[in-house]
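Reader: I should like to learn how to read the core, the strand pairing, the cysteines and the charged pairs of a model. Could we take these topics in turn?

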Amino acid sequence: MLSVRPRTLPPVMTLLAYAGPSDPSALGARTGGVPLVPAGFDWPVCAHCHGNMQFIAQLPLDALDPSGDLVSIFMCANDPGLCDEWDPIAGGNRAFLLRKGELLPATVPAEGETDLGSSSRVELLPSDVTSYAEAYDTWTDSTGRDQNELLGCLGGEPAWIQDEEIPSCTGCAQQMEFIAQLEPGHDDRTAANYGDAGSAYAFACRPCGGASFLWQCH
Ligand SMILES: [Zn+2]
Ligand SMILES: [Zn+2]
């Protein structure tokens with residue numbers, strides 16, 4: 001069973017759960033909508049098809065530490081399966097580590113598949129289970145909710161679908177810090193495309209200010 005730790009201790013893992021529609025430009029954790037970005041931000045473009053990427057999610061990292069950072073994730077959805085979208089370095093996706101204090105809603109480009117189709121609020125649920133695989137298995141039993149409404153986790157130990165795959169930072173060559181695992185979404189019509197029953201994984205290197213993203217599927 002999942003249980004809630006006292007709020008005075010940092011959680012070993014924070015589960016992410018669907019919490020209904022979101023204001024499309026809200027600051028909190030959400031999927032879809034309009035990304036919050038710093039001044040001068042260039043909307044990411046796919047290295048393969050050169051189309052504008054799709055905004056997937058933004059995750060404030062307060063649950064991991066009080067840094068005030070936020071990870072923002074984009075992926076190409078213009079030619080599904082043809083742009084190496086799953087690869088952390090091939091240019092079919094982008095992740096950014098941003099400072100929360102400086103962010104404003106982005107200007108969304110008119111061209112390309114830029115929008116997931118809905119904006120969903122993500123609820124942060126502190127857990128004392130370290131293993132996401134274990135938490136995932138007990139989610140339905142402990143909450144009575146649909147498994148698709150469990151959207152992933154912040155921190156803890158990811159549940160790899162294939163072999164463990166932790167990117168190295170392009171700045172310092174050190175192994176990156178695991179930030180989050182993300183499930184496609186609560187509704188197939190507005191889910192991110194992580195292949196067949198896939199999961200996505202986000203990483204950061206805080207000293208270098210970089211972030212990385214990849215996904216695996218069956
Ligand atoms: Zn592309
Ligand atoms: Zn680094």
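Author: The dialogue below takes each topic in turn. Please bear in mind throughout that this is a predicted model.

Reader: Let us begin with the interior. Which residues of the largest nonpolar core touch the most other members?

Author: The general idea is that in soluble globular proteins nonpolar side chains tend to be buried together. Here the largest nonpolar core has 28 residues, and those touching the most other members are Ile-56, Ile-73, Leu-154, Ile-179, Leu-182, Tyr-194 and Phe-213. The elements that give this core two or more residues are strand 1 (13–21), strand 4 (54–60), strand 5 (69–75), strand 6 (93–99), strand 9 (150–154), strand 10 (177–182), strand 11 (199–205) and strand 12 (210–216). Apart from this core lies another, of 17 residues, including Tyr-132, Ala-135, Leu-150 and Met-176.

Reader: What does Ile-73 touch, beyond residues up to four places away in sequence?

Author: With those neighbours left out, Ile-73 touches Gln-54, Phe-55, Ile-56, Ala-57, Arg-94, Ala-95, Leu-182, Ala-202 and Phe-213. Two of these contacts, Leu-182 and Phe-213, are also among the core residues that touch the most other members.

Reader: How should I read the pairing of the strands that supply the core?

Author: One idea helps: in a regular strand the side chains alternate between the two faces of the sheet. For each pair, one then looks at the direction, the bridges and the residues that stand opposite one another. Strand 5 and strand 6 run antiparallel and are joined by seven bridges, with Asp-69 opposite Arg-99 in strand 6. Strand 6 is mostly covered, as five of its seven residues are buried.

Reader: How many bridges join strand 10 to strand 9 and to strand 11?

Author: Three bridges join strand 9 to strand 10 in an antiparallel arrangement, and Leu-154 stands opposite Ala-180 in strand 10. Five bridges join strand 10 to strand 11, again antiparallel, and here Leu-182 faces Ala-200 in strand 11. Strand 10 is also mostly covered: five of its six residues are buried.

Reader: Let us turn to the cysteines. How many disulfides does a search of the whole structure find?

Author: A disulfide is a covalent bond between the sulfur atoms of two cysteines. In this model a search of the whole structure finds zero.

Reader: Where is Cys-76 placed, and is Cys-76 buried or exposed?

Author: Cys-76 is in the loop between strand 5 and strand 6. Cys-76 counts as buried because its relative accessibility is 2%, below the 20% cut-off. Beyond its neighbours within four places in sequence, Cys-76 is in contact with Cys-46, Cys-49, Met-53, Cys-83, Glu-85 and Gly-92. Contact between residues should not be read as a disulfide, given that the search finds zero. Among the other cysteines, Cys-49 is partly exposed at a relative accessible area of 25%, whereas Cys-169 is buried at 6%.

Reader: Glu-85 appears among those contacts. Which side chain of opposite charge is nearest to Glu-85?

Author: That side chain is Arg-94, 15 Å away; Glu-85 is buried yet has no salt bridge. Glu-85 also lies in the loop between strand 5 and strand 6. With residues up to four places away left out, Glu-85 touches Met-75, Cys-76, Asp-79, Pro-80, Gly-92, Asn-93 and Trp-215.

Reader: How many salt bridges does the structure hold?

Author: Side chains of opposite charge can pair when their charged atoms come close. The structure holds eight salt bridges. One of them joins Asp-62 and Lys-100, at 2.8 Å from N to O. This pair links distant parts of the chain, 38 residues apart: Asp-62 is in the loop between strand 4 and strand 5, and Lys-100 in the loop between strand 6 and strand 7 (104–105). Asp-62 is partly exposed, with a relative accessible area of 44%.

Reader: Which residue forms a salt bridge with Arg-206?

Author: The partner is Glu-177, and the closest N and O atoms are 2.9 Å apart. Arg-206 is in the loop between strand 11 and strand 12 and Glu-177 in strand 10, 29 residues apart. Both are partly exposed, Arg-206 at 22% and Glu-177 at 33%.

Reader: Are Asp-187 and Arg-189 buried or exposed?

Author: Asp-187 is buried, with a relative accessible area of 18%, while Arg-189 is exposed at 72%. Their side chains meet in a salt bridge of 2.7 Å, N to O. Salt bridges that share partners also join Asp-65, Asp-69, Arg-99, Glu-177 and Arg-206 into one network.

Conventions
Residues numbered from 1 in each chain as written. Chains lettered and ligands numbered in written order. Predicted model: local features only at pLDDT ≥ 70, side-chain atom pairs only at ≥ 80, totals over all residues. Heavy atoms only, no water. Disulfide = S-S within 2.5 Å. Buried < 20%, exposed > 50% of the residue type's maximum accessible area, 1.4 Å probe, protein only. Core = buried A, V, L, I, M, F, W, Y, C linked by side-chain atoms within 4.5 Å. Helix = DSSP H or I, 4+ residues; strand = E, 2+ residues; numbered from the N terminus. Contact = heavy atoms within 4.5 Å. Pairing = 2+ DSSP bridges. Lys, Arg positive; Asp, Glu negative; His and termini not counted. Salt bridge = Lys/Arg side-chain N within 4 Å of Asp/Glu carboxyl O.
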